[in-house]
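Trainee: I've got a new structure to look at, and I'd like to learn how to read its sheet. Can we go through it together?

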Amino acid sequence: MAYWLFKSEPSTWSWDQQVAKGQAGEEWDGVRNYQARNFMRKMAVGDLGFFYHSQTEKAVVGIVEVCAEAHPDSTTDDDRWECVDIKAVEPLQQPVTLDMVKADPRLADMVLVKNSRLSVQPVTENEWKIVRELGGL
């Protein structure tokens, strides 16, 4: 199993909207960055990810699961762009802010710290455990 982080502006797609999609999940569409797309191509059904609210909150707010592997993004006719489907698993008991991540020396090498603009990014197993712990899980 691999771990990931999915970033979204809550005004565009929020954790509450993700939860409302239920077990069917939703496409993680609209990604137009090759590195982020390539990460999605590596994902497998059952992989887990953090759902991160960017912009004002800048915090991990929930956990999602990949429920469909990479497939053509339905929001474009350009076959270069693919996406996965994800479904909500559980909220964090308390959001883990970017400031909290940056303040924890154990997370100094996390992609979120090093390349915070990347919308889809890998998370190591150790980082996964630490962020879950910070979030009260």
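Trainee: Let me start with one residue: which residue in S6 is the bridge partner of Phe6?

Mentor: That's Val120. Keep in mind that this is a predicted model. The pair belongs to a set of four bridges between S1 and S6, and these two strands run antiparallel.

Trainee: What does S1 pair with besides S6, and in which direction do they run?

Mentor: Strand S3, residues 48–53, is joined to S1 by six bridges, and the two run parallel. One pair to find is Leu5 with its partner Phe50 in S3.

Trainee: How should I think about the side chains along a strand?

Mentor: In a regular strand, side chains alternate between the two faces of the sheet. For S1, look at Tyr3, Leu5 and Lys7 on one side, then Trp4, Phe6 and Ser8 on the other: all are buried, so both faces are covered.

Trainee: How many residues of S1 are buried, then?

Mentor: Six of the six, with buried meaning under 20% relative accessible area. The strand, residues 3–8, is therefore largely enclosed by the rest of the structure.

Trainee: In what order do the strands line up across the sheet?

Mentor: Read it as S2-S5-S4-S3-S1-S6: six strands in an open sheet with mixed pairing. S2 (26–27) and S6 (120–123) are at the edges; each has a single partner strand, so one side of each lacks a neighbour in the sheet.

Trainee: Which strand is joined to S2?

Mentor: S5, residues 82–97, through two bridges, and the pair runs antiparallel. There, Glu27 has Asp85 of S5 as its bridge partner.

Definitions and conventions:
Residues numbered from 1 in each chain as written. Predicted model: local features only at pLDDT ≥ 70, side-chain atom pairs only at ≥ 80, totals over all residues. Heavy atoms only, no water. Pairing = 2+ DSSP bridges. Buried < 20%, exposed > 50% of the residue type's maximum accessible area, 1.4 Å probe, protein only.
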